Amino acid sequence: LYTMSNPSLVALVPVEDMLVSLGLADRRVTLHRLYTDLYAATFPARAVINVAAIFCGGVGDYTTEAILRDPMGREIARTSGVFTAAAMHTHLFNFQAVIETPGVCRIDGYLEGDLVSSVPLTVTLLPARAESVETMINEQ
């Protein structure tokens, strides 16, 4: 059960990088290159995926976890952490995974063991360079 003193997960966002401003009292967070899809030249594909989990509110310390699932729903990576709730807290997860096939993967976000968010991440096969050029020529 969650109460007003529990944080809320307001966003779960794949990002290339995150920067926390240490020079400002509010510790502003800048997210760089947000995305909803990935491209791979071949499969299986090795992927390093950063995910920002943004929590608002709450009092106390909490555990959070993120699980990356392949298009079949199988867990392919898991990472976790602990944070102290605040007006806003951004936690950066880092997945290192092998994605076997293209399709829609899922990133599941947990707070204290309860699933609180799930977002899609589309993984697509890039066309071979020769095919791309041929397709562009044939379409003209």
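**Strand pairing and salt bridges in a predicted model**

Student: In this predicted model, with which residues is A11 in contact, once its neighbours within four places in sequence are left aside?

Tutor: A11 is found in strand β1, which covers residues 8–20. Its C-alpha atom is separated by 9.6 Å from that of C56, 45 residues apart along the chain. With the neighbours within four places in sequence left aside, the residues in contact with A11 are A52, A53 and I54.

Student: Over how many bridges do β1 and β4 pair, and which residue of β4 is the bridge partner of P14?

Tutor: Strand β4 spans residues 45–69, and β1 pairs with β4 in the antiparallel sense over seven bridges. Within that strand, the bridge partner of P14 is V51.

Student: How many bridges join β4 to β5, and which residue in the turn of their hairpin has a positive phi?

Tutor: Strand β5 covers residues 75–99 and runs antiparallel to β4, the two being joined by 22 bridges. Along this pairing, A66 stands opposite T79 in β5. The two strands form a hairpin with five residues between them, and the turn residue with a positive phi, of about 90 degrees, is G73.

Student: Which residue of β6 stands opposite R69?

Tutor: β4 is also joined to strand β6, residues 103–111, by six bridges, and these two strands run antiparallel. The β6 residue that stands opposite R69 is R106.

Student: Is R33, the salt-bridge partner of E16, buried or exposed?

Tutor: The structure holds five salt bridges, and in one of them the side chains of E16 and R33 meet at 3.5 Å, N to O. This pair links distant parts of the chain, with E16 in strand β1 and R33 in strand β2 (residues 29–34), 17 residues apart. E16 counts as partly exposed because its relative accessibility is 44%. For R33 the relative accessible area is 61%, and since the cut-off for that class is over 50%, R33 is exposed.

Student: Is E65, which meets R78 in a salt bridge, buried or exposed?

Tutor: The side chains of E65 and R78 meet in a salt bridge at 2.8 Å, N to O. The pair links distant parts of the chain, E65 in strand β4 and R78 in strand β5, 13 residues apart. R78 counts as partly exposed at 46% relative accessibility. E65 has a relative accessible area of 19%, which falls under the 20% cut-off, so E65 is buried.

Student: Which residues do salt bridges that share partners join into one network?

Tutor: R78 also forms a salt bridge with E75, the closest N and O atoms being 2.6 Å apart. E75 is partly exposed, with a relative accessible area of 38%. Salt bridges with shared partners thus join into one network E65, E75 and R78.

Terms used
Residues numbered from 1 in each chain as written. Predicted model: local features only at pLDDT ≥ 70, side-chain atom pairs only at ≥ 80, totals over all residues. Heavy atoms only, no water. Helix = DSSP H or I, 4+ residues; strand = E, 2+ residues; numbered from the N terminus. Contact = heavy atoms within 4.5 Å. Pairing = 2+ DSSP bridges. Salt bridge = Lys/Arg side-chain N within 4 Å of Asp/Glu carboxyl O. Buried < 20%, exposed > 50% of the residue type's maximum accessible area, 1.4 Å probe, protein only.
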